[in-house]
Amino acid sequence: MGRYLLRRVFQFIPVFIGATFLIFALVFMIPGDPIRALSGDKPLPQSVQDTLRQQYNLDEPLWKQYVLYLGGVVQGDFGEDFRGREVTEIMRDRLPVTAKLALYAFVFEMIIGVAAGIMAGLKKGGFMDNLVRISTLAVISIPIFVLGFIAQLVIGVRFGWLPVSGLREGFMSFILPAIVLGSVSLAYIARLTRTSLAENMRSDYVRTATSKGLSRRRVVGVHALRNSLIPVITFLGVDLGALMGGAIITEAIFNIPGIGNAVYQATLRQEGTVVVGIVTFLVLVFMISNLLVDALYAVLDPRIRYE
Amino acid sequence: MADGQLLEEQQIVADISGVNFDPEAPLLEVDDLHVEFRLREGVVHANNGVSYTLNKGETLAIVGESGSGKTVSAQAVMGIIDTPPGYITKGAARFRGVDLFTLDEEERRAIRGERIAMIFQDALTALNPVFPVGWQIAEMFRSHRGTSRAEARKYAIELLERVRIPGAKERVDSYPHEFSGGMRQRAMIAMALALGPEVLIADEPTTALDVTVQAQIMELLDSLQSETGMGLILITHDLAVIAEVADRAMVMYAGEAFENGTIDEIFESPANPYTLGLMESIATPEQKGGRLIPIEGSPPDLRNIPRGCPFHPRCRFREEICVEEEPALRELGGGRASKCHFAEEVVTLDRS
Amino acid sequence: MSETRDRAKGPKTRQTELPGIPPYETEPAPELPPLETPAPGEYDGATEATQKEPVAGPPASLWSDAWAELRTNWIFLISAAIILLFTVMAIAPQLFTSANPRECFLSNSLVRPSAEHWFGFDLQGCDYYARTVYGARVSMSIGVTVTLFAAILAVVMGSLSGYYGGWVDAIIARLTDIWFAIPTILGGIVILSLLGTRGFFQVAFVLIILGWPTMLRLYRSSVISVKEQDYIEAARALGASDFRILGKHILPNAIAPVVIYAAITTGVIISAEAALSFLGVGLQLPAISWGLMISGAQVRILQAPHLLLFPGIFLSLAVFGFILMGDALRDALDPKSR
């Protein structure tokens with residue numbers, strides 16, 4: 001198990017370097033003036049340009065630029081915005097907000113998704129099964145921003161049940177955005193759970209467990225479920241990436257002051273440095289979480305521990 | 001230790017409330033079992049009148065080609081057929097005189113694993129890959145008897161030792177994929193024996209194993225049976241395997257019992273052309289250099305069983321009556337039975 | 001050899017990105033029945049000159065079976081109808097509306113839907129129905145283009161990676177790992193926000209770049225399973241060149257998962273383009289994109305919800321059509337669910 005984890009960590013490093021290099025390359029190796037790329041059409045005051053030039057070491061050879069950039073990232077320097085404010089500073093206030101939003105979405109999608117999937121998987125072809133099949137398809141098809149607006153209009157405005165903007169009402173403010181954010185993932189999880197469970201219910205070991213005279217609850221809840229949830233856990237790693245992208249949209253729509261919104265505002269204002277900085281950070285988080293999911297996966301499935 | 005020893009001398013007390021088992025009745029008596037599967041493509045008649053008896057301490061081999069319905073009959077007894085699409089349309093399965101099909105699910109579950117146990121062909125897929133082997137064995141005690149984890153684990157180790165797995169104490173926490181094929185099968189046997197069942201059904205227990213390991217497993221089953229006095233049902237398509245271990249055999253074809261008898265009778269003087277064909281198709285050293293004699297044709301599609309005697313399309317002794325009329329499973333005396341219009345003639349045939 | 005095979009299968013390797021929407025039935029089994037086995041004498045190396053071109057007809061087994069089944073599958077028919085509808089809408093929007101989507105009169109600003117103008121007017125006073133219809137062109141063309149190119153790229157690289165294994169495979173595997181480390185929308189935002197002009201090509205290019213690794217992985221593992229088959233070995237023994245094997249024998253048998261995924265991906269790409277355009281990093285005005293339209297609808301959402309609704313419905317329906325098609329294809333091409 002230790003060896004497996006060690007290998008994963010070793011694989012992490014080149015991927016980390018590769019991913020940061022990729023982002024770096026996109027920004028600084030695109031033909032043309034990188035300053036232009038970072039700032040868009042707006043002409044920046046010379047002082048800002050100079051600062052940028054110095055920060056990103058644009059006078060140095062390319063490879064050195066990257067190394068210095070990487071060094072910065074490792075030390076937690078993700079750049080500054082055009083007014084000299086550090087990206088980390090911007091993120092500091094907003095990170096907890098997005099984290100909460102993501103957490104609520106996560107809990108929501110896991111509980112409902114797995115529950116729906118189990119109900120659908122146990123009675124294959126039943127009402128619940130078909131309901132889940134169609135509704136998940138529909139939810140996946142409707143883009144998250146459309147879903148968000150509809151939720152706002154119907155639940156927030158029309159019925160006034162939940163707040164639709166800002167964070168004035170504390171926890172309540174998070175409910176609708178969290179549901180919207182988690183909706184697509186919920187659909188995925190429900191499908192995955194359903195298929196996985198249905199498949200596992202047909203397996204030999206379930207037949208053995210039944211032959212052992214175990215109660216149905218135990219056969220399904222302990223034996224089948226444990227195996228069925230493995231692909232779902234795997235999915236969680238990828239899910240975080242989707243949540244990040246979704247958070248940007250959701251926070252924009254619901255006006256939530258989180259990291260996603262920061263990215264959105266930065267793209268509107270064409271502040272390339274902030275965009276690059278935050279995205280780099282998010283990519284890092286994504287990679288680390290995948291590593292953790294890898295570890296979790298090894299805990300759940302003993303077969304891969306000895307790879 | 002509350003496992004292993006069959007309660008021979010004791011009264012078989014009803015351990016399930018309201019169910020009265022008859023200590024005098026044979027261990028297991030399957031009577032005219034009919035099972036069908038209603039599928040999209042048609043109705044598969046998996047069992048069409050299977051009958052056999054199993055007594056204490058006896059080993060009954062259920063023999064037949066793939067698709068003959070042997071596994072289904074066992075599954076019916078265990079009560080693990082999925083309904084839908086499987087339905088038991090007729091017949092009885094009496095365990096110590098009590099028809100299992102008349103019991104409710106809770107009662108059946110109490111019997112399953114505890115009184116009648118089953119082991120399967122491929123231990124790698126039959127065991128849950130994510131739980132340690134010892135845990136799965138101990139589960140029998142924890143679930144059925146409410147034994148504590150520590151106690152149950154101890155019993156699991158004892159069982160592993162009993163089935164001759166070396167280093168049981170270390171291996172009890174290993175996972176199924178860490179065992180070799182033979183060891184895994186032994187572990188599965190240990191799991192089945194945990195609560196001291198009176199009947200053990202072994203469905204193709206050695207088919208997935210190497211020949212040498214096969215012999216070891218069969219020997220293990222044999223000795224375990226002598227120890228416990230339990231009834232053993234051996235389901236297999238491999239005739240060589242049962243020659244040593246079985247007392248009686250039932251030959252199945254197209255979901256029906258075609259012949260019943262002792263091992264000697266079946267092997268030496270079969271009373272049925274199908275059995276005869278099976279015996280002749282076994283490669284023996286005497287035949288060296290000669291040709292193998294298979295049975296012509298292939299088993300029927302169970303959705304479309306031939307009229308009359310199901311075997312008639314492939315039978316070299318076929319007569320008019322075989323095509324028209326389905327033979328009954330006739331008693332030939334001395335516990336012998338055969339489903340053939342010409343059973344007596346076949347028996348007295350000279351096997352050359 | 002067996003190592004790469006193990007890497008392709010089962011739970012042993014955790015894929016960092018799932019291939020598309022989780023299926024409702026079981027995954028298609030990688031072992032598909034062979035297309036055709038080379039007849040004896042076909043690849044007779046000694047008589048190259050007289051070598052007869054084996055007829056590469058449709059495989060009797062998988063594809064024609066699948067087609068026969070699909071023809072009567074109502075899920076397939078519905079999804080095909082939806083896709084057809086939008087395809088026609090994209091190619092010939094004039095069939096659906098006679099109005100000009102770019103003819104806008106401010107005096108019509110935000111007029112509600114009426115019998116004459118089904119979807120009303122938007123902020124600039126453009127006929128919204130016309131705009132919505134014309135919006136199909138962008139979505140469909142981006143969806144199809146991106147998927148097509150990503151698929152081609154994936155098949156080519158996946159063939160090499162899967163067939164040859166070794167260091168080629170290792171490098172490609174590492175590269176795709178890097179790609180997977182960057183979530184799609186984030187990557188899209190970063191790249192696109194740095195580009196000056198964002199026209200069709202730029203957006204398509206970015207989406208292709210972000211999308212092909214998953215398809216590559218899929219095809220690669222399919223190739224790995226198929227290449228172990230006996231008939232591949234037979235072809236090789238008879239002297240077929242690698243190129244021929246990859247193209248004629250492996251491709252038709254390994255492509256099924258990619259076809260399924262391609263259908264689903266097209267829907268996902270359409271959705272992604274809309275999302276990016278909505279965020280302001282996708283297509284720019286004056287392009288007519290559903291995403292842009294919805295983005296524009298934000299401002300007046302309370303007064304004129306129809307601005308959101310109509311493109312939203314069209315968008316969802318288009319995506320739904322493709323995803324449904326993927327589901328139907330999966331049912332048909334999966335030998336296990338027969």
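In this predicted model, pLDDT (the predictor's confidence in each residue, from 0 to 100) stays under 50 over residues 25–59 of chain C, and the model has 55 contacts beyond four places in sequence for that stretch. Two residues are in contact if their C-beta atoms, placed from the backbone, lie within 7 Å. The mean pLDDT of chain C is 75, with 80% of its residues at 70 or more. Residues 1–19 of chain C are also below 50 in pLDDT, and this stretch has 33 contacts in the model beyond near neighbours in sequence. Where pLDDT is low, the predicted coordinates should not be read in detail.

Residues are numbered from 1 along each chain as its sequence is written, and chains are lettered from A and ligands numbered from 1 in the order in which they are written. Because the model is predicted, local features need pLDDT of at least 70 and side-chain atom pairs count only at pLDDT 80 or more, while totals for chains, interfaces and linings use all residues.

For chain A the mean pLDDT is 83, and 95% of its residues reach 70 or more. Among the elements of chain A, helix H2 (residues 34–39) has the lowest mean pLDDT, 68, and helix H9 (residues 204–211) the highest, 93. For the complex, the predictor gives an ipTM of 0.84 and a pTM of 0.80.

**Chain C**

Chain C has twelve helices and zero strands. Helices (H or I, at least four residues) and strands (E, at least two) are DSSP runs, numbered from the N terminus. Of the 338 residues in chain C, 49% are buried. A residue is buried if 20 or more other C-beta atoms lie within 10 Å of its own, exposed if 12 or fewer, and partly exposed in between, with C-beta atoms placed from the backbone. Among the contacts in chain C with a separation of 6 or more, 74% are between residues 24 or more positions apart.

Ile191(C) lies in helix H6 (residues 184–194) of chain C. Ile191(C) counts as buried because 26 other C-beta atoms are within 10 Å. Its contacts, neighbours within four places in sequence aside, are Leu26(A) and Val206(C). The C-alpha atoms of Ile191(C) and Gly282(C) are separated by 10 Å, and these residues are 91 apart along the chain.

**Interfaces of chain A**

Between chains A and C, 57 residues of chain A are in contact with 46 residues of chain C. Seven elements of chain A each give two or more residues to this side, including helix H1 (2–28), helix H8 (171–201), helix H10 (216–254) and helix H12 (272–300). The contact of chain B with chain A takes 21 residues from chain B and 20 from chain A. On the chain B side, helix H2 (105–111), helix H3 (123–126) and helix H4 (133–145) each supply at least two residues, and H4(B) gives the most, with three.

The table divides two of these sides by class; Ala, Val, Leu, Ile, Met, Phe, Trp, Tyr, Cys and Pro count as nonpolar, Asp, Glu, Lys and Arg as charged, and the others, Gly among them, as polar.

| Side | Nonpolar | Polar | Charged |
|---|---|---|---|
| Chain A, touching chain C | 40 residues | ten residues | seven residues |
| Chain B, touching chain A | eleven residues | six residues | four residues |

**Helix packing**

H1(A) and helix H5 (residues 166–180) of chain C pack at about 65 degrees, with axes 8 Å apart. Axes are lines fitted to C-alpha atoms, for helices over the stretch in contact, and angles run from 0 to 180 degrees between N-to-C directions. In this packing, Pro14(A), Val15(A), Gly18(A), Ala19(A) and Leu22(A) of H1(A) meet Arg174(C), Asp177(C) and Ile178(C) of H5(C). By class, this contact has five nonpolar, one polar and two charged residues.

Within chain A, the axes of helix H5 (residues 87–122) and H10(A) come within 10 Å and cross at roughly 145 degrees. Residues in the contact include Thr98(A) and Leu101(A) of H5(A), with Val220(A) and Val232(A) of H10(A). Nine residues of this contact are nonpolar, one is polar and none is charged.

**Nonpolar cores**

A nonpolar core is a set of buried Ala, Val, Leu, Ile, Met, Phe, Trp, Tyr and Cys residues joined through C-beta atoms within 7 Å. In the largest nonpolar core, of 275 residues, Val279(A) and Ile233(B) touch the most other members. H10(A) gives the most to this core, with 18 residues. Neighbours within four places in sequence aside, Val279(A) is in contact with Ile23(A), Val263(A), Leu186(C), Ile189(C) and Val190(C). A second, separate core of five residues includes Ala271(B), Cys340(B), Ala343(B) and Val346(B).
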